[in-house]
Amino acid sequence: MITAAENKMEIQQFHIAGINYKKTDVTIRGKFALNETQYLSLLQKSAQQNIKNVFVLSTCNRTEIYGIASSAKELSNLLCSETKGNLEIFEDLCYIKQGKDAVEHLFSVASGLDSQILGDYEIVGQLKNAIKFAKQNGSLGAFTERLSNTVFESSKAIKNKTFFSGGTVSVAFAAIQFLRLHRHYAPSQKVALIGTGKIGKNTCKNLIDYLGFTDITLLNRSDEKAEEIAQELGVKFAAFSTYKEEVKKADIIIVATNAPEPILSKEDFDKDSRKILLDLSIPSNIHTNLKTLSNKILVNVDDLSKMNDETLKMRECEIPKVKSIIKEYMDEFYDWYKMRKNAPIIRAAKKTLTDINLCPWFQSLQPETLATEEQQAVAVQKAVKQLAVKLRSQQQTVGCSYIETLHDFIAHHPIKQ
C-alpha cells in the first residue's frame, strides 16, 4: 500500500552515504561496521526521526546507509550514532550519492561491479539479509522495496546471462589462493578455523576441496553450530573456550568471526613458533601487533583482495554486458516510479470513465461497443492503459492527457444506429 506521503516523494530525496575499500583500510572500516543489535537500534532511531525507507549494508568491504531524507547528513548522523567511528572521520572519507546516482550505485553494488573482488556474488546474499532485516523491523517502504526487488532481479539476470560471477574468486577462495601461490602450506599441517558463518564454512570447504587439508578443527561461539558443520564436512571441532589452546597447536589459523575486538594478539603465541594467520573478519579479529613477531605471516581481507588470476580477466570482459543489463532493469524501475507518481490521476481517470458508463445520458446513447459490463470494463482498462503511456512519455501535461483520455473514450465508441 503506497501512502500519500510516498506518492509525493521525489526520487531526489533518496540518498546514500557510505565508506568502502577504495578510500579506507580494514581498520577504519571496522569502526563503522554494524552488528545486528546496532542495526536494530539504528532502525528504531530512524522511525523516531521520521527518516523513511532506511536500510544499511555492512560487510567486510563497505558500510553504506540508504534512505529517504532531506539530506545525506541525516543518514550520516544516524549511522555514526551507532558506530565506534565518529561523524567527522566518516564525513571526511565517505561518498554521498543522491537520486538516480544513488539508485545506480545500488545496482552496481548488487551486481559485483563495485566489489573489492570484481564480480563477487556474495554481496547479493549480504544485501538480501540487510533488506530482509529492515523489512522485518518496519523500515522499508514501497520505494525501497520495489527498488531492491528490481536490483535482485538484475543481479539474477547478470548471473544467468553472463560469466561475470563465474570462476572461483571470493574472500574465502582468495585465502586458498594465498596459501597455494605463496607455498605456505602442506596438506598435513594442522588448521584451526574460528568462525563457522558463510565465509568460514566456505573457507573450510575450499581447504578440503582445493588443497586437500584433513587436519582441520572448527571453533565457533556456538559450539553446537561448530559441531554440526564439522560433522557435515568431516572435520574436527573444539569448544570455543579452548580456542587459544587450539591456535597454539595449529600451523595455520583462520579467523572469520564478527567480534567487536581482536580475539588474538601477540601475547597468545610463542615468539618463535611459525604461524600463518588469515584474518577474514571485519573489524579485524587478529591484532596487527602480530606482524612484529618473526615467523608470523598475517594477512587480512585487504591483502587478499589484491589476488588476481585469469578468472578476474574473464570477468572484466563481461563488464559491458553487465552494464547493459543494469540499464535495462534501471529503466524498468524508473517506469514504475513514473507510474507510481501518476497513480492518483490514473485512479481518478478510471473512476471517471467508470462513472461515464453509468451516466443515464451516456447510456441513452447506447454505444454499440459498450453494451455489456464486460465490454465496459475492457474499454475502461484500455483507456487507462493509454493514459499511463502518455503520462510516462511526458509529451504533454497531466491535465491535457487526462482531458484527451476522456474525449477519446467517448469519441471512439460510436452510437448505435
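Trainee: Which residues are buried in α6?

Mentor: This is a predicted model. Buried means under 20% relative accessible area. In α6, the residues that meet this are A102, V103, H105, L106, F107, S108, V109, A110 and S111.

Trainee: How many of the 12 residues of α6 are buried, and what follows for the helix?

Mentor: The count is 9 of the 12, so α6 is largely enclosed by the rest of the structure.

Trainee: How do I read the span of α6?

Mentor: Compare the end-to-end distance with the expected one. Helix α6 covers residues 100-111 and reaches 17 Å from its first C-alpha to its last. That is close to the 16 Å expected at 1.5 Å a residue. G112 follows α6, and its phi is positive, near 95 degrees.

Trainee: Is I89 buried, exposed or partly exposed?

Mentor: Partly exposed covers the range between under 20% and over 50%. I89 has 32% relative accessibility, so it counts as partly exposed. I89 lies in helix α5, residues 87-93. Its C-alpha is 9.0 Å from that of I28, though the two are 61 residues apart along the chain.

Trainee: What is the strand order in the open sheet?

Mentor: The 6 strands run β7-β6-β5-β8-β9-β10, with parallel pairing. β7 (236-237) and β10 (296-300) each have a single partner strand, so one side of each lacks a neighbour in the sheet.

Trainee: How many bridges join β5 to β8?

Mentor: There are 4, between residues 191-194 and residues 252-255. In one of them, I194 has V255 in β8 as its bridge partner.

Trainee: Which helix packs on the sheet, touching β8, β9 and β10?

Mentor: Helix α9, residues 171-181, does. Its direction makes about 155 degrees with that of β9.

How values were computed
Residues numbered from 1 in each chain as written. Predicted model: local features only at pLDDT ≥ 70, side-chain atom pairs only at ≥ 80, totals over all residues. Heavy atoms only, no water. Pairing = 2+ DSSP bridges. Helix = DSSP H or I, 4+ residues; strand = E, 2+ residues; numbered from the N terminus. Contact = heavy atoms within 4.5 Å. Axes fitted to C-alpha atoms, helices over the stretch in contact; angles between N-to-C directions. Buried < 20%, exposed > 50% of the residue type's maximum accessible area, 1.4 Å probe, protein only. Expected span 1.5 Å × (residues − 1).
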